[in-house]
Every structure is written in structure tokens, then in C-alpha cells.
Amino acid sequence: MKTSKLAIDGGKPVRAHYLPYGKQVIDEEDIASVVKVLQSDFLTSGPAIEQFEAEIAAFTGAKYAVAFSSGTAALHGACYAAGIGAGDEVITTPMTFAATANCVLYQGGVPVFADIDPQTYNLDPARVRERITERTKAIIPVHFTGQPADLDEILQIARKHNLIVIEDAAHALGASYKNTRIGSIGDMTMFSFHPVKHITTGEGGMITTNSPLFYEKLLQFRTHGITRDERRLRENHGPWYYEMQFLGYNYRITDIQTSLGISQLRKIKSFIKQRKQLAALYTKELSDVQELILPRQLPGAESSWHLYIVRLRLSGLSATRRTVFQALQKENIGVNVHYIPAYLHPYYESLGFRKGLCPVAESCYEEFITLPLYAGMEAQDVMDVVAAVKKVIGHYSNK
Ligand SMILES: Cc1ncc(COP(=O)(O)O)c(C=O)c1O
């Protein structure tokens, strides 16, 4: 197919200005909410943290929520609370950010990677079953791009083998699985509030849980392993007294950050609605591009559309993914790639992980391109991306 000269070949780019793949939406209400805290007595460990926790718990339907300084710190807390220790195996997906597996290593555990389903790119329960051993202690499914993983199957495997399920819902605030909102289904669920996510606190994360036991452990882990809870003190020297009972961390979030989170959470429904509409527009406009496999939604799993990822049918193209990616960047479209399979990072290779472990994830990685998607995007931005994709794919198509 003939298209106009690509920007990578010296032609005019589709967009005059660069469109990022994701970014926050901050309004005057958000700014006022943060300023109010800056003028108050508490910059950290004050009332905004508890309020944000209570509001996230209410939104997700969980009994408890514990905020952390990042999603990564929250995952570390969840692994501690789950009792992951030296040599314990935790099954997870390779199609994720490294933090999902790193949290197991922080506790001295062993991440075990199971391959993904080629339709949803989520952990494949059949592959999880193959990886269970006597040392398996937990499963960490990721709701990749915001589409919930197959939780019925994963929970069934977990119950059968007495495993804890920690959901990595960094992409999935507001997503639903069989009409239940993500956050109250597994034993613990992690959310991230990094600026590209559905709502932001700058850096920040949260664990939701229905378990009072996990809740107590998470609170204490977040604050150096310290407690002031009279019921649990070994001694009590007076009202000032506290005890550090195990080695925790300073993983506290601040009131400055959570005041932003509270204000952002008020807009979550419109943010998600916006993302859904933009994703539907991509799907409508790109459905005739045969060189692309578009994201598929399974019945019962309602995505919160963190990412819109297309998969290239490379056999229909005369270019590599790298060339298509670079050509789109030159058209001023901020494409990205999620993710290099976690075990292919040099650090994981130094631990003995090798290419070939999860072939589906590896081939998806070779073919994935993430298109821009965030709540502040306009329909015209989507149409610019579509025009650039059609221009570039048309140029390199074998047809
Ligand atoms: C799937 C996944 N897990 C974990 C994390 C870690 O979250 P944070 O960046 O808040 O530490 C991220 C964030 O990028 C993520 O996308």
C-alpha cells in the first residue's frame, strides 16, 4: 500500500507535537488539596493517609487498605505478610514490570515464572499448575493492561495447594472480575499510583485485604517493624513506649501525596470512562489493519484500560518491530513496549534464568507495541495515532 513519506525517511510527521504514551491529569482541585496539607500540621503520618486508605478500601470493597511509598514497597510488604522466606517459591508472570518478581527476591524467596495466555497475555492457569512444587507458597498474578487475570482458576489452584494469592493490580484500579471490583478477591491486592496509572500520588502504592492478620503485619512492616499496640507489646514502660519487633522498613507514604490521591480518587470513574472510550475508538479505527492483533476482552473480565497494546503480525511486514517503533516515534507518537519478560533482565540471567523459559511471553514481547492511552487524551489524539499507525504499517506492509 502506498502512503505518504514517513517522517523517519524525512517526510512530515503526522503530529507537530509529541504525544506521550501516558501521563497524569491534574486539576485545580488536586492542587488545592495538596496546598491544604502543606498549610496544615501534618506533612506525613497524618489524617490524609488514613482517609485515603479508607476511601480506597471503600472503592475496592476490601475491609482494609495500607498505603505505601510505592507499589513496589507495597508488594514487598505483601510478600512479608504472606510469610515468604528463604527458598520459598512464588509463581508469577514474566509479562510484567520487574518489581512483581523482585519483591519475592527481597524476602529471599525464588520467583518461578509461568507462561502467559496468548489471548489475554495474563498468567495461564495451566502453566501455573505445571510449576507447583512442595516449596510453592504463593501466586502473584498481574492484571496485565487492566484486564483481570483468570482469578477463578488461580484461586482454585491456590486453595488446593494452600497458597496465598497476591494480585498485582498496578494496572487495574477500577477493573472488575465477574462483577466484583478488583481489590477484594485474592488474599492481598496491590495498586500503584505512579503518574501513568489511573490515579496518582506521584509515587505511591496500596495493599488491600480482608484479613486483619495481614493488615496488622502490613502496618508494622511499613514502619520499621515498630508497634505501639498495647495488646502486642512485650513490655510497657509508659505512654511513650514502642517496640521494634522485627526488621521492617520506612515505606511510609506522606500526607502531601495522599491528599493528592484523595482528590484524584474522586475522579476515578470519569478517568476510567475516558480510557474505555478511547480504547473503543482505537479498536474501531484499527480493526481493518490486518497486520495488527488488537487487545481482546474476555467475557466477565472488565478492563480498566491502563494500556492499549497492539501485536504486530511480523510475517505481514517487511520491517522489524524496532523499525515500526522508531517510525512511529518519528511521527511524534509516544509508543512504548510493555514488557521485556522479567527473567530476561541481566540480573535475572545472573540468577540462572534463561531465554526459552516462557515462549509465549517471549514471542509477545517481540511483537508488542503500546499505543498512547491516558484519561487526558482527546479523540483527535487517538485519530492521530491511528493515522500514524496506518501510515507506517501501510508503508511496510507486504500486501
Ligand atoms: C505491573 C506492575 N507491577 C508493579 C509496579 C511497581 O509499582 P511502583 O512503580 O508504584 O513501584 C508497576 C509500576 O510500574 C507495574 O506496572
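## The sheet of strands 7, 6 and 13

In this predicted model, three strands are arranged in the order 7-6-13 as an open sheet with antiparallel pairing. Strand 7 (180-181) and strand 13 occupy the edges, and because each has a single partner strand, one side of each is left without a neighbour in the sheet. The link between strand 6 (residues 176-177) and strand 13 consists of two bridges, with the two strands running antiparallel, and within this pairing Y177 has A301 of strand 13 as its bridge partner.

## The sheet of strands 12, 14 and 15

Another open sheet of three strands follows the order 12-14-15, and its pairing is likewise described as antiparallel. Its edges are formed by strand 12 (292-293) and strand 15, each of which pairs on one side only. Two bridges hold strand 12 and strand 14 together in the antiparallel sense, and the bridge partner of L292 is L312 in strand 14.

## Strands 8 and 9, enclosed by the structure

Strand 8 (residues 188-192) is largely enclosed by the rest of the structure, because five of its five residues are buried. M188, M190 and S192 point one way from this strand, while T189 and F191 point the other way, and all of them are buried. This fits a general pattern, in which the side chains of a regular strand alternate between the two faces of the sheet.

Strand 8 pairs with strand 5 (residues 164-168) through three bridges, the two running parallel, and in strand 8 it is M188 that stands opposite I166. Strand 8 also pairs with strand 9 (residues 205-209), here through five bridges and in the antiparallel sense. Along that pairing S192 stands opposite G205 of strand 9, and M188 has T209 of strand 9 as its bridge partner.

For strand 9, too, five of the five residues are buried, so this strand is largely enclosed by the rest of the structure. G205, I207 and T209 point one way from strand 9, M206 and T208 point the other way, and all are buried. Strand 9 is joined as well to strand 1 (residues 64-68), by five bridges between strands that run antiparallel, and the residue of strand 9 that serves as bridge partner of V66 is I207.

## Helix 9 and its buried side

Helix 9 (residues 268-286) has 19 residues, which at 1.5 Å a residue should span 27 Å, and the end C-alpha atoms of the helix are indeed 27 Å apart, so the expected and modelled spans agree. The buried residues in helix 9 are F271, I272, R275, L278, A279 and Y282. They cover an arc of only 130 degrees around the axis, which puts them on the same side of helix 9. The general geometry of an α-helix, with 3.6 residues a turn, explains why residues three or four places apart point the same way.

The face turned away from this buried side carries the exposed residues K269, S270, A280 and K284. The buried residues of helix 9, for their part, pack against strand 14 (308-312), strand 15 (368-371) and helix 13 (379-396).

## The two domains and their contact

The protein is divided into domain 1 (7-24 + 268-396) and domain 2 (28-265), and the C-alpha centres of the two domains lie 27 Å apart. Their contact involves 30 residues from domain 1 and 34 residues from domain 2.

On the side of domain 1 that touches domain 2, helix 9, strand 13 (301-302) and helix 12 (359-367) each supply at least two residues. Helix 12 makes the largest share of this side, with four residues. By class, this side of domain 1 has 19 nonpolar, eight polar and three charged residues.

## L155 in helix 6

L155 belongs to helix 6 (residues 151-161). Is L155 buried or partly exposed? L155 has 18 C-beta neighbours inside 10 Å, and because a residue needs 20 or more to be buried and 12 or fewer to be exposed, L155 counts as partly exposed.

When neighbours within four places in sequence are left aside, L155 is in contact with V165 and G186. L155 and I56 are separated by 99 residues in sequence and, from C-alpha to C-alpha, by 23 Å in space.

Technical notes
Residues numbered from 1 in each chain as written. Predicted model: local features only at pLDDT ≥ 70, side-chain atom pairs only at ≥ 80, totals over all residues. Expected span 1.5 Å × (residues − 1). Arc of directions from axis to C-beta. Contact = placed C-beta atoms within 7 Å. Pairing = 2+ DSSP bridges. Domains from an automatic or database assignment. Nonpolar A, V, L, I, M, F, W, Y, C, P; charged D, E, K, R; others polar.
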